[in-house]
Amino acid sequence: MVAYLYKRFFKRHLQNYKLIVFYDGWCVLCLTTVSNLQRLDWFGLITYVDFRDNSNIKNESLNLNELEKRMHSLKVKNSKIQNGVDSFTELTKRIIPLWFLTPILYLSKWLGIGNVIYDFIAKRRNLVPVNKCINNVCLREDTKVGD
């Protein structure tokens, strides 16, 4: 009975809040963040997609260069694409333990510092290319984004 009511509630109300998040699978910070967010997503509203796997990028409006700079999200209901702090705001609206961050993120966006801070962090993240490691040594030309 409880399972039936949950499915009915989910189909009727929560289905409209589904979100697809495109993250960088080469980024250690991104992988750790996604892992933590998956545990907090109690309603399973968010699907995480590694944009480095080319088979995952079917939407022509997603630019690979932009995806490398900022996390992007796609609202399933209306196909609206957002990035940077706006994407993170959408995440916090769907993850109950992070609701307290939502007004802070809106305020940072309104003050014009949200994406500045996001870009500051994003440019300094380390990348570890997948399948480019030999004997536990990874060869990489570019260790930081934006260099």
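The following legends describe close-up views of a four-stranded sheet in a predicted model. Residues carry numbers from 1 along each chain as its sequence is written, and side-chain values rest on heavy atoms, with hydrogens and water left out. Local features need pLDDT of at least 70 and side-chain atom pairs count only at pLDDT 80 or more, whereas totals for chains, interfaces and linings use all residues.

**View 1. The open sheet has four strands in the order β2-β1-β3-β4.** Its pairing is mixed; strands are DSSP runs (E, at least two residues), numbered from the N terminus, and two of them pair if DSSP finds at least two bridges between them. Strands β2 (46–50) and β4 form the edges, each pairing on one side only. On average, neighbouring strands are turned by 25° against each other, direction ignored (axes are lines fitted to C-alpha atoms).

**View 2. Strand β3 (residues 72–75) is covered on both faces.** H72 and L74 lie on one side, S73 and K75 on the other, and all are buried (under 20% relative accessible area, 1.4 Å probe, protein chains only).

**View 3. Strands β1 (residues 19–23) and β3 run antiparallel.** Four bridges join them. Opposite L74 of β3 stands I20, while L19 faces K75 in β3.

**View 4. A hairpin is formed by β3 and β4.** Three bridges link β3 to β4 (residues 81–83) in the antiparallel sense, and N83 in β4 is the bridge partner of H72. Five residues lie between the strands of this hairpin, in which S79 takes a positive phi near 60°.

Notes: Buried < 20%, exposed > 50% of the residue type's maximum accessible area, 1.4 Å probe, protein only. Axes fitted to C-alpha atoms, helices over the stretch in contact; angles between N-to-C directions.
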